[in-house]
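Colleague: Before any calculation is set up, I should like to go through this structure with you, point by point. May we begin?

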Amino acid sequence: MKVTWALQPFLPLCQRLLPSRLTGLSVALLKATALEIAILAGHLLLYPSGIAQERRTRTIPDLPAQGIPDTAQLPAQVRPPVVLLHGFIDNRSVFVLLRRSLAQHGRQQIESLNYSPLTCDIRTAAELLGRHIEEICERTGSSEVDVVGHSLGGLIARYYVQRLGGDLRVRTLVTLGTPHSGTRVVPMANAHPIVRQMRPGSEVIEELTRPAPGCRTQFVSFWSDLDHLMDPLETACIDHPDLLVQNVRVSGVGHLALPVHPAVATGIRQALDNTTDSARAAAHSNGLTVA
């Protein structure tokens, strides 16, 4: 990614004040911070549009064309619905660009779910997610779904999969900047009970470390090297011996950019389209830098 014109005047100063090995990081940090501020401003404008739950209609599965022999038709690729789950103190408006990207690349059934900003327990939110997914499967006729969760949304979805039997319904779970091992950022936020559940060593985090033999869900976790809400950064990776996991390192973007950046959207689409075998092979690789 090229340095924007707005940052160019600061490059000589960075090079003069900082050691050469830190200059590249500082420039990347400046760009990522500028992008985070721009995304935050845009998201604040869109936030009111995502407060209400989206309106849903019953989906009727496509029927084969009449009068054409089955042997003359190519088999259609069956793709499960995609469920998008936002993060803490947020709503479905954060997924406007990702949803558009998924739709443009063939995903016809996309559901954005809101959970209440007053939610105080990850377990309760996971149970609610399970009820939503059951309703989606019944309405669409699909036996399974894919889930993309940003930040806290990924933790809620993972709890549903691991602890509430959600692996029977969730084919692939993609998490974006999710504190899988807990985050220590902003200690003063401990006043909120759900923040305490996202701390290292909490009961919820401990439950997610327990054995999960036979878990069917494929996990793909995107983590950023400039995510200021993850402390330590590697907490956004999933490390569990019973889970089929691919951890994907994203370079040069912050926490808010993960559900917005086009390169990340490309990585999400690839993760959702991967077969279990290809994900298994990727799980043993060093990951992929997508930005």
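The exchange below concerns a predicted model.

Colleague: How many helices and strands does the protein have, and what percentage of its residues count as buried?

Modeller: The secondary structure of this predicted model comprises nine helices and six strands. The protein has 291 residues. Of these, the share that counts as buried is 46%.

Colleague: Among contacts with a separation of 6 or more, what share comes from residues 24 or more positions apart?

Modeller: Contact here means heavy atoms within 4.5 Å. Among the contacts with a separation of 6 or more, the share from residues 24 or more positions apart is 81%.

Colleague: Which side chain of opposite charge is nearest to D227?

Modeller: D227 sits in the loop between β5 (218–224) and β6 (244–250). The residue is buried and has no salt bridge. A salt bridge requires the nitrogen and the carboxyl oxygen to be within 4 Å, whereas the nearest side chain of opposite charge is 12 Å away from D227. That side chain belongs to R199.

Colleague: Which backbone nitrogen does the side chain of D227 reach?

Modeller: Beyond four places in sequence, D227 is in contact with G177, L233, V253, H255 and L258. Its side chain also reaches a backbone nitrogen at 3.0 Å. That nitrogen belongs to L229.

Colleague: Which peptide bond is cis in the loop between β5 and β6?

Modeller: Most peptide bonds are trans. P232 has its place in the loop between β5 and β6. The bond leading into P232 has omega near 5 degrees, and the cis peptide bond is therefore the one from D231 to P232.

Colleague: What phi does S151 have, and is the residue buried or exposed?

Modeller: S151 is found in the loop between β3 (145–150) and α5 (152–163). Its relative accessible area is 10%, so S151 is buried. Most residues other than glycine have a negative phi. S151 has a positive value, near 55 degrees.

Colleague: How does V186 count in terms of accessibility, and what is its phi?

Modeller: V186 lies in the loop between β4 (170–176) and α6 (193–197). Phi of V186 is positive, near 50 degrees. Its relative accessibility is 44%, so V186 counts as partly exposed.

Colleague: What is the volume of the second largest pocket?

Modeller: The second largest pocket is lined by 23 residues, and F88, S151, L229, H255 and L256 lie nearest its centre. Helix α2 (residues 20–46) gives the largest share of this lining, four residues. The space in the pocket is about 530 Å³.

Colleague: Which helix gives the largest share of the lining of the largest cavity?

Modeller: The structure holds two cavities of 30 Å³ or more. The largest cavity has a volume of about 50 Å³, and its lining consists of L85, L113, N114, Y115, A125, L128, L129, H132 and I156. Four of the lining residues come from the helix with the largest share, α4 (residues 122–140).

Colleague: Which side chain makes a polar contact with the side chain of S112?

Modeller: S112 lies in strand β2 (residues 110–113). Its relative accessible area is 2%, so S112 is buried. The C-alpha atoms of S112 and R92 are separated by 5.6 Å, although these residues are 20 apart along the chain. The polar contact of the S112 side chain, at 3.0 Å, is with the side chain of R99.

Colleague: With which residue does R139 form a salt bridge?

Modeller: The closest N and O atoms of the pair are 2.8 Å apart. The bridge links helix α4 with strand β2, across 28 residues. R139 is buried at 7% relative accessibility, and its partner is likewise buried at 7%. That partner is E111.

Colleague: With which residue does E203 form a salt bridge?

Modeller: The closest N and O atoms of the pair are 3.4 Å apart. The bridge links helix α7 (residues 203–208) with helix α4, across 80 residues. E203 counts as exposed at 60% relative accessibility, whereas its partner is partly exposed at 21%. The partner is R123.

Colleague: How many salt bridges does the structure hold, and which residues are linked in a network of them?

Modeller: The structure holds 15 salt bridges. The residues linked in a network are R79, R107, D146, R171 and D273.

Definitions and conventions. Residues numbered from 1 in each chain as written. Predicted model: local features only at pLDDT ≥ 70, side-chain atom pairs only at ≥ 80, totals over all residues. Heavy atoms only, no water. Helix = DSSP H or I, 4+ residues; strand = E, 2+ residues; numbered from the N terminus. Buried < 20%, exposed > 50% of the residue type's maximum accessible area, 1.4 Å probe, protein only. Lys, Arg positive; Asp, Glu negative; His and termini not counted. Polar contact = N/O pair within 3.5 Å; in protein donor to acceptor, adjacent residues only side chain to side chain. 1 Å grid on protein atoms, 1.4 Å probe; cavity = no way out; pocket = protein on both sides within 12 Å on 5 of 7 lines; lining within 4 Å. Points joined across faces, edges and corners; volume = space filled by probe spheres on them.
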